Amino acid sequence: MATRVKSRGEAGSAKKDGPTPMMAQYLALKESVPDCLLFYRMGDFFELFFEDAKRAAATLDIALTARGEHDGEPIPMCGVPAHSHEAYLARLIKAGHRVAIADQTETPEEAKKRARKEGRAAKALVARAIVRIVTAGTLTEETLLDARASNWLVAVAEAGGDIGIAAADISTGRFELSSAPIAMLDAELARLGAAEIIAPEGFERAPDDAHICARSDFSSIEAERRLKTVFGVATLDGFGQFDRAELAAAGGLLAYLDSAGQGALPFLQPPRHHRAGDYMLIDAATRESLELTHSASGNRGGSLLSAIDRTVTGAGARLLAVDIAAPLTTTDAIEARLDLVALFESDAGRRDHLRAALKALPDIGRALGRLVAGRGSPRDLGLLRDGLYAARDLHEALARIDEPPALLAETLPRLTGHGALSDHLARALVPSPPIDTAQGGYIAEGYDAALDDLRETAGDGRRAIAALEARYREARGIASLKIKHNNVLGYHIEVPSKHADALMAADSGFTHRQTLAGVVRFNAPELHEEAQRVMQAGAHALAAEAAHLEELIARTLRDRDAIAATADALARLDVASALAEQAALRGWTRPRLTAEPCFAVEGGRHPVVEMAVERQGERFVANDCALAPEERLWLVTGPNMGGKSTFLRQNALIAVLAQAGSYVPAQSAKLGIVDKLFSRVGASDNLARGRSTFMVEMVETAAILAQATEHSFVILDEVGRGTSTYDGLAIAWAVVEAVHDVNKCRCLFATHYHELTRLAERLDALSLRHVRAREWQGDLVLLHELAEGPADRSYGLAVAKLAGLPKETVGRAKAVLAKLEAGREATGGIAAGLDDLPLFAADVPQMEEDAGDPLREALDAVHADDLTPRDALDLVYRLKRLADEAGG
């Protein structure tokens, strides 16, 4: 760790009779943020003390030391350099910590001046204040964020029986409000993939990792007032009709952001109303099993998003992830996206030109977010300047298109209108502005004549100092004499120790300043005079540049909503051209959308598996899928590793891609709109919630049967396999009947229970399919092709042999199988007698319900903490009456 530089004029170690002023200041600041690690600025370092130091040192793997004493014990401490603290912040946030930044709000010199005015000693404690609270959902720094992923902060609240959800990505200002039934909360949170979730005290459905805030923050009335103030409107009607739950969530979000920014709100665009009915409902389990935006390992690689992402900008990548996470259900909106993709898919030259231009673009959305948050730099202004110029050039190129698609016509106007601002920034800034403002040099020459004069004065002074150095060398005959500068001594003369005596003489005209190992440092009147001129001019120039920077930022932020709209428009163009590139390179086709609940795909392929297969030098086997009202349920049988699960998943992914506005991996596709997508494919133990694999499977299957409609698409794989053969077959049998007779949705059902094929004789809309396999010279050949009818057998032993099971074990299994099959022939098999069962809809056996216990039910409904004394007395009388009735 680097050497710490303590702020001048501050107290050192703690006294035994009480904390030093500095430690008292630290403890007061820490008390205001008990749930955060406190970064306490001391000179060039951010220090952490006590338990914060222990936790940070363990996470960052840095040295833990001690400083002074507190209550008779050494004070644990550790620190990180201020100039590189963002790297340490990133690791702490990723580890789940929250960090409060306590920075110095005055310089040591200002502290001394203040102390003298107050009639105290010149040695004073530098004032500090918490300037920001850093959490996973409130990041804006470029180094702390994934450029290709949104960073959602989500607030949830309950009102009127519904759940309100407010989501904001403050790095770009995107802000949306939505509501959902309580049962759909997990699905909505899964769609957003929040970096951080906040919820009010007492909210029972809050996720385990949610940060709990005061219930008073989630006031819908206060939120409505605050939103009107923030966006400068008299009514919110222009943004949408928000219910009380949505406003309550928005109130919690705004209060949290206000606290994190210590009174300064970040950039928020006007709220968008996310209506659940406008998007395909995909629950958390389905997203996980289909690996839409993240693979099973939690990484982006291996997901659908990773396989199709050919975007060339961070903003485009973020928007594509949003589109995949929330496919549309409105045909006109989907067709508008597809029209824009078609424009670029059909014209490779136009597509290449657009993608090359987009690739050179800076991320103006996040640059704007940093400026609004007060963490911007001259470089961010330069990025906006360059990005707005490029957007204007793109507008000129795309505006020449005859009869543009509707979405392009809507997008084009948002690419322009920034001429005055971008020209102003071009005049004011150097071509490549720096991030750090400390050294100046970011305001262009010619923008301010007075600033140019100051720079010229400073430059003349530096030239004069260089001339002095040459004169001193010649006059003293010391060729190694140098004039140097540092922050402590300023400009000074440095000579090797062996030449120092000549300058030490009283009449030399030089004044001794410092002796170090090997060198001695001096000053001289002429040098001091020139140095003063340089320093004064430089300080005034820095002040002038800082004033210009403040003015430029203020000027830019007046157009922030229009700039954000331009950023969104560029992202939409990137997504459309990227999907067009994917379609052209991979041979994808435009889906045809229809009102009827059909699903007709010819030559469908799995986009992720196909790429993996091709990397191995093999060819993916495409398959058709033809679901229609008269044949809406396919029962798919066949051996393991034959491709059943891949077939099921690829069709679900085709539905997602089509409704997200993408071409699809197929020769042709005619699809009816899917309102809800469900996948019960594979499962694992959820030990954290005490659920076995079978329990997880049953919970997910129950959710499907409760929610799927005639317009839904369901894939079910091996339902019932996690329990005994009889129980599993019984459950699978009943589920097939329920999907067919009650839900009446489009469904692909894969199973190893061949007994289920008997249902085809009784269920009109059920059709049998199997994945083909052949045995050749004792070996199993998996063809991965789908064919009509049921599989002739399961090929389980052949798969076991293929997997490398010992020959002796496979031989023994064959003998056991022969015995079992002989028994099945004699008894009629485990499905004997099922043909006599009435159809599901004709006679559903009713399970006998428990009579219930009114006394227990009354007690279960009581929230003891909410009872007033009068309520408690009334409750006692009511319970006594219930007990008497039960006894009578």
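Note to self before I start: a residue is buried under 20% relative accessible area, exposed over 50%, and partly exposed in between. I'm working on a predicted model.

**Entry 1: Phe50**

I looked up Phe50 first. Its relative accessible area is 22%, so I put it down as partly exposed. Phe50 sits in helix α2. I also checked its backbone: phi is positive, about 55°, and Phe50 is not a glycine. I wrote a reminder beside that one: most residues other than glycine have a negative phi.

**Entry 2: Glu291**

I found another positive phi at Glu291, about 50°, and this residue isn't a glycine either. Where does Glu291 lie? I traced it to the loop between α8 (284-290) and α9. Buried or exposed didn't quite fit here: with 25% relative accessible area, Glu291 is partly exposed.

**Entry 3: the whole protein**

I stepped back for some totals. I got 28 helices and 27 strands. The protein has 888 residues, and 47% of them are buried. For the surface, I noted about 42,400 Å² exposed, with carbon and sulfur atoms supplying 51% of that. Then I looked at contacts between residues with a separation of 6 or more: 68% of these join residues 24 or more positions apart.

**Entry 4: α2 against α3**

Back to α2, the helix that holds Phe50. How do α2 (residues 50-60) and α3 (residues 85-94) cross? Their axes come within 10 Å, and the angle is roughly 95°. That makes α2 roughly perpendicular to α3, because angles of 65 to 115 degrees count that way. On the α2 side I listed Ala56, Thr59 and Leu60; they meet Tyr88, Arg91 and Leu92 of α3. Sorting the residues of this contact gave me four nonpolar, one polar and one charged.

**Entry 5: α13 against α20**

Next I took helix α13 (residues 364-372) and α20. The axes come within 9 Å and cross at roughly 155°. Angles over 145 degrees count as roughly antiparallel, so that is my label for α13 and α20. The crossing is left-handed. Which residues make the contact? From α13 I wrote down Ile364, Gly365, Leu368 and Val372. From α20 I wrote down Arg560, Ile563, Ala564, Thr566, Ala567 and Leu570. The contact divides into seven nonpolar residues, two polar and one charged.

**Entry 6: α14 against α20**

I stayed with α20 (residues 560-586) and turned to helix α14 (residues 378-398). These two pack at about 55°, with axes 11 Å apart. That makes α14 oblique to α20. This crossing is left-handed. Leu384, Leu388, Ala391, Leu394 and Leu398 come from α14, and they meet Ile563, Thr566, Leu570 and Leu573 of α20. I sorted these residues into eight nonpolar, one polar and no charged. Going back over my lists, I spotted Ile563, Thr566 and Leu570 in the contact with α14, and I had already written those names down for the contact with α13.

**Entry 7: Arg375**

What lies between α13 and α14? I found a loop there, and Arg375 is in it. With 30% relative accessibility, Arg375 counts as partly exposed. I then asked which residues Arg375 touches, leaving out those up to four places away in sequence. I got Arg132, Thr138, Thr140, Glu141, Arg370 and Asp380. I picked Thr140 for a distance check: it is 235 residues from Arg375 along the chain, and their C-alpha atoms are 8.1 Å apart.

**Entry 8: Thr313**

I moved on to Thr313, in the loop between α9 (304-308) and α10 (314-325). Buried or exposed? Buried, because its relative accessible area is 11% and the cut-off is under 20%. Setting aside residues up to four places away in sequence, I found that Thr313 touches Arg148, Leu358 and Asp574.

**Entry 9: Ala199**

My last stop was Ala199, which I found in strand β10 (residues 196-200). Ala199 has 0% relative accessibility, so I marked it as buried. What is Ala199 in contact with, apart from neighbours within four places in sequence? My list reads Val156, Ala206, Ala210, His211, Ile212, Cys213 and Phe218. I also took the distance to Asp217, 18 residues from Ala199 along the chain: 9.7 Å between the C-alpha atoms.

Terms used. Residues are numbered from 1 along each chain as its sequence is written. This is a predicted model: local features need pLDDT of at least 70, side-chain atom pairs count only at pLDDT 80 or more; totals for chains, interfaces and linings use all residues. Side-chain values use heavy atoms; hydrogens and water are left out. Axes are lines fitted to C-alpha atoms, for helices over the stretch in contact, and angles run from 0 to 180 degrees between N-to-C directions. Helices (H or I, at least four residues) and strands (E, at least two) are DSSP runs, numbered from the N terminus. Angles under 35 degrees count as roughly parallel, over 145 as roughly antiparallel, 65 to 115 as roughly perpendicular and the rest as oblique. A crossing is left-handed if the near helix is turned anticlockwise from the far one by less than a right angle, and right-handed if clockwise. Contact means heavy atoms within 4.5 Å. Ala, Val, Leu, Ile, Met, Phe, Trp, Tyr, Cys and Pro count as nonpolar, Asp, Glu, Lys and Arg as charged, and the others, Gly among them, as polar. Buried means under 20% relative accessible area, exposed over 50%, partly exposed in between (1.4 Å probe, protein chains only). Accessible areas come from the Shrake-Rupley method with a 1.4 Å probe; for residues, only the protein chains shown count as cover.
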